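Grab your favourite viewer and work through these exercises one at a time. Each has a task and then a solution in steps.

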Amino acid sequence: MIYFDNSATTAILPESLDTYVKTSQRVFGNPSSLHYLGMQANRLLTQARKQIADMLQVTSEEIVFTSGGTEGDNWVLKGTAFEKQPYGKHLIISSIEHPAVKKTAEQLADFGFEIDQAPVTAEGFVDVKQLAELIREDTVLISVMAVNNEIGTIQPIKEISELLENYPKIHFHVDAVQAIAKVDTDEWLTPRVDFASFSAHKFHGPRGVGFIYWKKGRRMQALMTGGGQEKEQRSGTENVPAIVAMARALRIVFEKKAQRPEHLANLKRALIDGLSTYNKVTIFSLEENAAPHILCIALQGIRGEVLVHALEEKEIIVSTTSACSSKKNTESSTLAAMNVSSDLATCAIRISLDESNTMAEVEQFMIVFEQLYQKFSKVN
């Protein structure tokens, strides 16, 4: 099997899984308990928090654990909106955000908040000038993803950060789920970013765990009340085995990225070179200012889900666009925001790579694609 759907989820690293199992078996105390088993669990929790903070070059107190990217996005948007509503009820998101941000913004609109969507260029980059024109006196939050999950464009976080230097009271949130360990942190974790969301299963950690970066001094409402965990901001007994396994996975992928910085870019370049020879293939993803692991294409006249299943029959796993929306058989929201025609957008598929993928797999993909291209040409 060739697995090219790493933006949907990654396989857990053996080392991370081993950490999870051993921690579950040996460190089963509640971190809030006063006895030595609880203190042992709390010590591991503290170590994991520090390890993650050190890798991101932030402080431990700025790392808060969650169940993943969706929770992080929901928490930052809702927590900011309700905390700052005495000062304003206006939020800005980009038109290409993940459903975890878009749907949350829609829900906030039902509570009386006003939502504007910053448009993007034809290449899929947020238009910073037009975003600036949307800012109002009552704007309390701006949310823009670091790397688009459908076509891979690296968003202009630095430019937006520079813009927001003139608006210190506005919270700036970055969905960094697709950026972590793929794009250097200085591209998206600028000093002006107040919150950033992460999910462990995107970097070979376990599912159901993640974290947010919460800049010291910023305020938002608590997600859950109860036992007072996570500084009384997210109550509930911490999932220590998953958190420790997540920290280990992040450390390993950071190390691997430093060892093989060009590998993903080479795989993507080989795919683009091969696919660009087909006149019925449209390539939406760029090489410049784009993440090296995401490639979005369309085979004209063939719906995305048809091509996905045809490749699956050859044991090649890809997806339509966002895995969170793929079963709905709708067009890519990112491509729609880029004004790509509906007929073409519904043909889009996403190939998403990982360090474990090889050039041999790319070559096998191209052999199979040639076969399918000829088959569909006869039908279409």
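**Exercise 1. Find the neighbours of H201, then place the residue.**

Start with contacts: leaving out residues up to four places away in sequence, H201 touches A8, T9, T10, P206 and R207. Keep in mind that this is a predicted model.

Next, locate the residue on the chain. H201 sits in the loop between strand 7 and strand 8 (210–214).

Now check the distance to I12. Along the chain, H201 and I12 are 189 residues apart, yet their C-alpha atoms are separated by 7.2 Å.

Finally, is H201 buried or exposed? Its relative accessible area is 17%, and the cut-off for buried is under 20%, so H201 counts as buried.

**Exercise 2. Describe the nonpolar surface patch that includes I12.**

First, pick out the members: I12, L17 and V21 make up a nonpolar patch on the surface. Together they offer about 200 Å² of accessible area.

Then zoom in on L17, which belongs to helix 1 (residues 14–26). With a relative accessible area of 41%, L17 is partly exposed, because that class lies between 20% and 50%.

**Exercise 3. Classify two aromatic pairs.**

A quick reminder before the numbers: a pair of aromatic rings is described by the distance of the centres and the angle of the planes.

Step one is the count: searching the whole structure turns up 11 aromatic pairs.

Step two is F4 with F365. Their ring centres are 6.0 Å apart and their planes meet at 50°, so this pair is tilted. It ties together distant parts of the chain: F4 is in the loop between strand 1 (2–3) and helix 1, while F365 is in helix 13 (residues 359–379), 361 residues apart. F4 is buried at 0% relative accessibility, and F365 is buried with a relative accessible area of 0%.

Step three is W188 with F198. Here the centres are 5.6 Å apart and the planes are at 55°, so this pair is tilted too. W188 lies in the loop between strand 6 (171–175) and strand 7 (195–199), and F198 lies in strand 7, 10 residues apart. Both W188 and F198 are buried.

Step four: which residues do ring pairs link into a cluster? The cluster holds F4, Y278, F365, F369 and Y373.

**Exercise 4. Work out the surroundings of A118.**

Begin with the backbone: A118 is part of strand 4 (residues 114–118).

Its relative accessibility is 0%, so A118 counts as buried.

For contacts, again skip residues up to four places away in sequence. A118 then touches I92, I93, S94, S95, V126, L131 and L134.

Last, try a C-alpha distance: A118 and I142 are 24 residues apart in sequence and 9.6 Å apart in space.

**Exercise 5. Sum up the overall fold in numbers.**

Count the elements first: the protein has 13 helices and 12 strands. Its radius of gyration is 21 Å, close to the 21 Å that the globule rule gives for 380 residues, so the protein is as compact as a globular protein of that length.

Then take the box: along the principal axes, the C-alpha atoms fill roughly 70 × 50 × 35 Å.

Turn to burial and surface. Of the 380 residues, 56% count as buried. The protein exposes about 16700 Å², and carbon and sulfur atoms supply 50% of that area.

Finish with the contacts that have a separation of 6 or more: residues 24 or more positions apart account for 72% of them.

Note on methods:
Residues numbered from 1 in each chain as written. Predicted model: local features only at pLDDT ≥ 70, side-chain atom pairs only at ≥ 80, totals over all residues. Heavy atoms only, no water. Patch = residues over 30% accessible without salt bridge, like charges linked within 9 Å, V, L, I, M, F, W, Y side chains within 5 Å. Areas by Shrake-Rupley, 256 points an atom, 1.4 Å probe, with all protein chains shown as cover. Salt bridge = Lys/Arg side-chain N within 4 Å of Asp/Glu carboxyl O. Helix = DSSP H or I, 4+ residues; strand = E, 2+ residues; numbered from the N terminus. Buried < 20%, exposed > 50% of the residue type's maximum accessible area, 1.4 Å probe, protein only. Rg over C-alpha atoms; globule rule 2.2 N^0.38 Å. Contact = heavy atoms within 4.5 Å. Phe/Tyr/Trp six-rings, centres within 6.5 Å; stacked < 30°, edge-to-face > 60°.
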